[in-house]
Amino acid sequence: MNEFSASDEVFMAQAIELAGKGQYSAKPNPCVGCVVVKNNQVVGQGWHRKAGESHAEVYALAEAAEKARGATAYVTLEPCSHYGRTPPCANALLDAGVNRVVVAMQDPNPLVSGQGVARLREAGIDVAVGLLQQQAEALNEAFCHKMKSGQPLIIGKVAMSLDAKTAMASGESQWITGGESRQDVHRLRARSDLILTGIATVLADDPRLTARDGLAGFSLQQARIAVLDSQLKMPLDAAMLSAESEVTVLTTCTDKQKTQALNAMGCQVVVLPSDESGRVNLMAVRKWLSEQTINSVMLEAGAVLNGALLKAGLLDELVVYMAPSVLGIDARSAFGIAGIDRLADKVQLELLTVDVLGQDIKLKYKIKRES
């Protein structure tokens, strides 16, 4: 069993903090930080900024230069041992001459997990694994989920009143929650690889679905957007089409004229199978999502789509922003789910975290599956 010192924890905590700097820009790659320490002093540090660019170890070793020889490297994710768009980081650590490597978590990809550690150990490097592992895994929750399941992590977002209403009967909904909650939603968007919504939300609210508020100073890579739009009702002047996001419409409609008009606006159109009601088949949507180079999906939609995905078992987590208000019986509900007549048929949630954001409460749930 690995034994870690108090200073080991301090330096790994610093590496995890560095890794967090990439949470809005490194996607779909994981967030990784690295700190190189010699004689109990930090001589180099780095974090992975963007897919295709240098990994955290490379930045840290470059800053350390000759001081890396004989040093300890603290890395939040197991150094890679294979050639991708960049050379293996395990080799870079060996070439730099470090004599000890402390790793927070192994690579969750079952095809490569443990190989980087094995490569270093075979070369005589002292390697210890598991320091602040939970913190490192939490930072890369969606990446771990995709590597283990083959499916992106799908998170539903709902902003609602105390009586679970998301809008007035007229559709008025701005703003139920306070500014702190809205900024947190933008941070959730910024961490997501793709935002999924429905055409009803586009027609009612004309949202941009970009991350903007409370993100000053961060390097951002806007999430892709996918719109479920069975009949290709997407307006050509929709705000999201003029924003900086890549937009895809998932439809059952094969109308060439509509498709060409959307293509001309830079919008991709993908035709998927329909369900019995003529809407886009949700299982086909899930398959399409699994084929994309993404780890996380954020659902920002109305009651119908929220309810459909929840009932179909396609949501993994639910984030609820609850405001201290009551909107009444005529207001619109958060989930449009029919056919639940018995308690035995309820959708069961598992509470993960509770946070206070101004006057609002943020609740994060895991969707419990039938065993």
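These are my notebook entries on a predicted model of one protein chain.

**Ground rules.** I'm working with a predicted model, where local features need pLDDT of at least 70, side-chain atom pairs count only at pLDDT 80 or more, and totals for chains, interfaces and linings use all residues. Numbering runs from 1 along each chain as its sequence is written, and side-chain values use heavy atoms, with hydrogens and water left out.

**Whole chain.** I looked up the secondary structure first and got 11 helices and 16 strands (DSSP runs, H or I of at least four residues for helices, E of at least two for strands, numbered from the N terminus). Next I checked the radius of gyration, taken over C-alpha atoms, against the globule rule of 2.2 Å times the number of residues to the power 0.38. The chain has 23 Å, which agrees with the value near 21 Å for a compact globule of 371 residues. Along the principal axes, the C-alpha atoms fill a box of roughly 70 × 45 × 40 Å.

**Burial and contacts.** I get 48% of the 371 residues as buried (under 20% relative accessible area; exposed is over 50%, partly exposed in between, with a 1.4 Å probe and protein chains only). For contacts (heavy atoms within 4.5 Å) with a separation of 6 or more, 69% come from residues 24 or more positions apart.

**Helix H4.** H4 covers residues 115-122, and I find Gly116, Val117 and Leu120 buried in it. Looking down the axis of H4, I see its buried residues within an arc of 100° (using directions from the helix axis to the C-beta atoms), so they line one face of the helix. That fits the textbook picture: an α-helix has 3.6 residues a turn, so residues three or four places apart point the same way. What covers the buried residues of H4? I noted helix H3 (89-96), strand S4 (100-105) and strand S5 (126-129) among the cover. After H4 comes glycine 124, with a positive phi near 90°.

**Two single residues.** Is asparagine 306 buried or exposed? It sits in helix H11 (residues 303-311) and is buried, at 4% relative accessible area. Leaving out residues up to four places away in sequence, I list Val158, Leu299, Ala301, Leu315, Ala334 and Phe335 as touching asparagine 306. Alanine 13, in helix H1 (residues 6-19), counts as partly exposed at 37% relative accessibility. I also took one distance: the C-alpha atoms of alanine 13 and leucine 194 are separated by 29 Å, with their positions 181 residues apart along the chain.
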